[in-house]
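Below are my comments on the model, set out as numbered points. They begin with one loop residue and its surroundings and end with the chain as a whole.

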Amino acid sequence: MSVASYRDPEAPHTLLSLFSQAADPSRVFVGVCFQCDEAEDADCYDLSMLEPAWRENVRSMRLPWQAAKGPVWARHLIQSELFADEDYFLQIDSHTRFAANWDTRLIEMLGRCASPKPVLTTYPLPYDGTGKAAVCSGEQRMTILCTRSNAEAFGAADGMLRFRARLLASHPPAPLPTPFWAAGFSFSRGSLVREVPYDPRLPFLFFGEE
């Protein structure tokens, strides 16, 4: 699990959710890059709410927020310094919540993809509230990435393509192909990190990363 966090107080709650909702939390290992202020951002990297066994599975690095170089750089650091060649690789945003048994469900879903090198990706549904009070969306339909319609697809000034996640009318028998990729939710086999790693020469790239 790759988590790049920039002064985000939701990050510890994200880790609590991913461990507590996993079918087998003992096999979940997290690489997290905390970019924060040691004095002012204690709530952004405090993992005391995690069970001791879960904390042992968290590999972290802590950088002063002034040294941050954007999400591409942080995700490169996680891949190059914290990834230990695990079988699977999930990259998420630091403000994420998980459904029950998400780990077994994702592995099973990946196995239903026709591609020999599949990647599951989309914009996750939002959750309501913050911290321990956060509640996952009750929506059961799946989403797929697509472009925004007509003039919304491209920004008038920059010409960059805009994406959105659309709800599917019904559950497909297998994940649907999409030409797009979302950095905030990407699940694949671990070989993805070796074959298409993040480029460390793209500092401060945020919009356009995808």
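1. Leaving out residues up to four places away in sequence, F98 touches M1, T14, S17, L18, Q21, L90, I92 and C136. This is a predicted model, and the contacts should be read with that in mind. F98 sits in the loop between β4 and α5. Its relative accessible area is 7%, below the 20% cut-off, so F98 counts as buried. The C-alpha atoms of F98 and P124 are separated by 9.9 Å, with the two positions 26 residues apart along the chain.

2. S94 belongs to the loop between β4 (88–93) and α5 (102–111). Is S94 buried or exposed? Its relative accessibility is 3%, and it therefore counts as buried. Apart from neighbours within four places in sequence, S94 is in contact with V3, A4, S5, D8, E10, A11 and T14. T14 is listed among the contacts of S94 and also among those of F98.

3. Helix α1 spans residues 11–20 and is mostly covered, with eight of its ten residues buried. Those buried residues are A11, P12, H13, T14, L15, S17, L18 and F19. Several of them recur in the points above: T14, S17 and L18 touch F98, while A11 and T14 are in contact with S94. As a general matter, an α-helix has 3.6 residues a turn, so residues three or four places apart point the same way.

4. Which strands pair with β8? One of them is β4, in the antiparallel sense and over five bridges. Within this pairing, Y88 stands opposite R189 of β8. Strand β5 (residues 119–121) also pairs with β8 in the antiparallel sense, over three bridges. There V119 has S188 of β8 as its bridge partner.

5. Strand β8 covers residues 185–189, and four of its five residues are buried, so the strand is largely enclosed by the rest of the structure. In a regular strand the side chains alternate between the two faces of the sheet.

6. Two backbone angles deserve a look. D85 has a phi near 60°, a positive value in a residue other than glycine. It lies in the loop between α4 (71–82) and β4, and its relative accessibility of 47% makes D85 partly exposed. N101 likewise has a positive phi, about 60°, although it is not a glycine. N101 is in the loop between β4 and α5 and is partly exposed, at 37% relative accessible area.

7. On the overall fold, the protein has six helices and eight strands. Read from the N terminus, the order of elements is β-α-β-α-α-β-α-β-α-β-β-β-β-α. The radius of gyration is 17 Å, close to the 17 Å that the globule rule gives for 210 residues, so the protein is as compact as a globular protein of that length. Along the principal axes, its C-alpha atoms fill a box of roughly 45 × 40 × 35 Å.

8. Of the 210 residues in the protein, 41% are buried. Among contacts with a separation of 6 or more, 75% are made by residues 24 or more positions apart. The exposed area is about 11,500 Å², of which carbon and sulfur atoms supply 55%. The protein has 20 positive and 26 negative charges, and the mean positions of the two sets are 6 Å apart.

Conventions: Residues numbered from 1 in each chain as written. Predicted model: local features only at pLDDT ≥ 70, side-chain atom pairs only at ≥ 80, totals over all residues. Heavy atoms only, no water. Rg over C-alpha atoms; globule rule 2.2 N^0.38 Å. Buried < 20%, exposed > 50% of the residue type's maximum accessible area, 1.4 Å probe, protein only. Contact = heavy atoms within 4.5 Å. Areas by Shrake-Rupley, 256 points an atom, 1.4 Å probe, with all protein chains shown as cover. Lys, Arg positive; Asp, Glu negative; His and termini not counted. Charge placed at Lys NZ, Arg CZ, Asp CG, Glu CD. Pairing = 2+ DSSP bridges.
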